[in-house]
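Here is a short set of exercises to work through with the model open beside you. Try each task before you read its solution.

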Amino acid sequence: MIEERKIIQSLITFLEGEKMGGVLEIFSPSLKKEFSVLFSSLALKTLSQSVYRCQRCALAQSRRQCVFGEGAPNALILFVGEAPGEEEDKQGKPFVGSAGILLTRAIEAIGLKREEVYITNVLKCRPPHNRNPLPQEIANCFPYLEEQIRIIQPRIICALGKFAAHALLSTSSSISQLRGKIYSYQGIKLLPTFHPAYLLRNPQGKIPFWEDMKRLKRELQKLL
Ligand code: SF4
């Protein structure tokens, strides 16, 4: 509630500033951009409240808390992982711990800061003992990810690991086969690559992973 008030107050303050500059300025590109960010923030906040109350699957009973996602509400790049792990479940944030450090390094390597992208998972609750997500759990939770994508409208989605790639591309091909190529998810470019947690256990995947990050950087540069 406090967060919504802060967002609405920012909107009012911004509009008051714009009015001082003249009515025509109301449709300036900067205003449209500011509006877009504020409305996305509000929409994500509203959606997160539904997720925090969600009881659609049994993971609601075992989770400490939901991990909705975090980042820029109008990010150009959306990173989608598999599910929260133990540390994420404790902190309520996606990709913290060792895998998060590796993802943050990758984001910085493509020339962005962590807070300039959006990071989330296919599942918003931790499966017990970090077991793989079940198909029914993915089916139950996927509409939240679809809604996040609709709100954020990223230009590129980076699917981290096979569960994210399979859910978004409706395929069962291995991540080794899928990685490194550009696909389309509802008109948005989608690049699958290895999950950072997989790389910590399988260092041989790091070279192709960094090749994928170079590809991601090239795709990003086309947008700037
Ligand atoms: S994993 Fe998703 S569908 Fe299941 S309880 Fe959590 S938010 Fe709801």
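Helices (H or I, at least four residues) and strands (E, at least two) are DSSP runs, numbered from the N terminus. The model is a predicted one: local features need pLDDT of at least 70, side-chain atom pairs count only at pLDDT 80 or more, and totals for chains, interfaces and linings use all residues. Residue numbers start from 1 along each chain as its sequence is written.

**Exercise 1. The shell around the ligand**

Find which element gives the largest share of the shell around the ligand.

Solution. Begin with the residues near the ligand, meaning that the C-beta atom, placed from the backbone, lies within 6 Å of it. There are 13 residues around the ligand, and Cys54, Arg56, Cys57, Cys125 and Cys141 come nearest. Next, sort them by element: α3 (59-62) and α6 each supply at least two residues. The largest share, three residues, belongs to α6. Finally, sort them by type: nine are nonpolar, one is polar and three are charged. Here Ala, Val, Leu, Ile, Met, Phe, Trp, Tyr, Cys and Pro count as nonpolar, Asp, Glu, Lys and Arg as charged, and the others, Gly among them, as polar.

**Exercise 2. One helix and its buried face**

Work out which residues of α5 are buried and how they lie around the axis of the helix.

Solution. A residue is buried if 20 or more other C-beta atoms lie within 10 Å of its own, exposed if 12 or fewer, and partly exposed in between, with C-beta atoms placed from the backbone. By this count, Ala99, Gly100, Leu103, Ala106 and Ile107 are buried in α5. Looking down the axis of α5, its buried residues fall within an arc of 120 degrees, so they line one face of the helix; the arc is that of the directions from the helix axis to the C-beta atoms. Now look at what lies over them: the cover includes β2 (77-81), α9 (196-201) and α10 (206-223). Just after α5, Gly111 has a positive phi of about 95 degrees.

**Exercise 3. Two positive phi values**

Decide whether Phe95 is buried or exposed, and do the same for Asn130.

Solution. Most residues other than glycine have a negative phi. Phe95, however, has a phi near 50 degrees and sits in the loop between α4 (86-91) and α5 (98-109). Phe95 is buried because 29 other C-beta atoms lie within 10 Å. Asn130 has a positive phi of about 60 degrees and belongs to the loop between β3 (118-121) and α6 (135-152). Asn130 has 13 C-beta neighbours inside 10 Å, so it counts as partly exposed.

**Exercise 4. Into the core**

Name the residues that touch the most other members of the largest nonpolar core.

Solution. A nonpolar core is a set of buried Ala, Val, Leu, Ile, Met, Phe, Trp, Tyr and Cys residues joined through C-beta atoms within 7 Å. The largest one has 46 residues, of which Phe79, Val80, Val122, Cys158, Ala159 and Ala164 touch the most other members. Follow Phe79 further: leaving aside neighbours within four places in sequence, Phe79 is in contact (C-beta atoms, placed from the backbone, within 7 Å) with Leu103, Val117, Ile119, Cys158 and Leu160. To finish, step back to the chain: buried residues make up 34% of its 224 residues.

How values were computed. Contact = placed C-beta atoms within 7 Å.
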